[in-house]
Amino acid sequence: MNIADAIATRRSVRGFLPQDVPQEDLQAIFQLAQHAPSNCNTQPWVVHVVSGTALRDLGRRLCQAALDPTQHAPDFPYDGRYEGVYRERQQDSAAQLFNAMGIAREDKSGRARSFLRNFDFFEAPHAAFIFLPEPFGLREAADCGLYAQTLMLAMKGQGVASCPQTSLTFHPAIVREMLGVPAAHKLLLGISFGYEDPQHAANLCRVSRAPLEATAIFHN
Ligand SMILES: Cc1cc2nc3c(=O)[nH]c(=O)nc-3n(C[C@H](O)[C@H](O)[C@H](O)COP(=O)(O)O)c2cc1C
C-alpha cells in the first residue's frame, strides 16, 4: 500500500472480528511506529498493548465505570463541548455515524448504548494505551499525536483497522491499576484495533472533511 492510499483509506472502525493480530505483525507495526518524530527525539510516548482476557477484564471495569458520567476523571481535561464550525463538524460526524447505525436522533437510549461500546473497545481483540510521563505537557502531547497517527497508518499497512478514543481515557486510575502503570504516567489516548468487521453497521460510516481552504492558508 502506498502512503497516499494508507492516509486516504484509514478511518475509524467501530466493529471488529474476534481474530487476534499475529504477534509478529504486532511487533512489526509497533516497530515501524517508532519512526514517529518528536521534539528533540525525546519519544515521550509509553504505549501499553492489551489483548486477550486482560483486555476483556479491563473492558468490563471500564464499562461499569462509564455508566456514571459524573465519575469520569481523565488526566487531561475534556468536556466534549465545541462551538461554531467545530460544533457543526462534531454534530455532522455524529449524525453520519448514527445514520449508518440506524439510530434516530431522538433515540437517547440507542445513542447511550452506542456510546458505551467505546468501553468494550468495540469488541476489538487489542487496544493500545498511550501514556505521557510527567512532567511532560502540551508540546510532548503533540509528539504523542504524531505517534498515534503513525501507529494507525502502520496498522493500515498490515491490514489492521483502528479507532482512536478519548473515551478510553475517562478512567485512567482503573487502567493504571489493571496494567500496573505508575501514577506519574498520564493517560492521553486509547486506540482499539484489530481486523475490521465489514458487516458491522458502524463501519458503513464515512465522515467528510472541510474544504482545504477552510483549514490551510498558503502564503507566498
Ligand atoms: C484524539 C481522538 C480521539 C477520538 N475519540 C473517539 C472516541 O472516544 N470514540 C469514537 O468513537 N471515536 C473517537 N475518535 C474518532 C473520530 O470521531 C474520527 O477520527 C473523526 O470522526 C474522523 O473520522 P475518521 O477517523 O473515520 O476519518 C477520536 C479521534 C481522535 C483523533
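The legends below describe views of a predicted model of one protein chain.

**View 1. The fold of the protein chain combines helices and strands.** There are 7 helices and 4 strands in the chain. From start to end of the sequence, the elements come in the order α-α-β-α-α-α-β-α-β-α-β. With a radius of gyration of 18 Å, close to the 17 Å from the globule rule for 220 residues, the chain is as compact as a globular protein of that length. Along the principal axes, its C-alpha atoms fill a box of roughly 55 × 45 × 35 Å. Among contacts with a separation of 6 or more, 85% join residues 24 or more positions apart.

**View 2. The largest nonpolar core has 23 residues.** The residues with the most contacts inside this core are Phe 16, Leu 58, Leu 62, Phe 121, Phe 129, Phe 131 and Val 175. Two or more residues come from each of α3 (52–66), β2 (126–133), β3 (161–165) and α7 (172–179). The largest contribution is that of α3, which gives 5 residues.

**View 3. A second core is separate from the largest one.** This core has 22 residues. Leu 26, Leu 132, Met 152 and Val 160 are among them.

**View 4. The surface of the protein chain exposes about 12,600 Å².** Carbon and sulfur atoms supply 55% of this exposed area. Of the 220 residues, 38% count as buried. The chain has 20 positive and 22 negative charges, and the mean positions of the two sets are 4 Å apart.

Definitions and conventions
Residues numbered from 1 in each chain as written. Predicted model: local features only at pLDDT ≥ 70, side-chain atom pairs only at ≥ 80, totals over all residues. Heavy atoms only, no water. Core = buried A, V, L, I, M, F, W, Y, C linked by side-chain atoms within 4.5 Å. Buried < 20%, exposed > 50% of the residue type's maximum accessible area, 1.4 Å probe, protein only. Rg over C-alpha atoms; globule rule 2.2 N^0.38 Å. Contact = heavy atoms within 4.5 Å. Areas by Shrake-Rupley, 256 points an atom, 1.4 Å probe, with all protein chains shown as cover. Lys, Arg positive; Asp, Glu negative; His and termini not counted. Charge placed at Lys NZ, Arg CZ, Asp CG, Glu CD.
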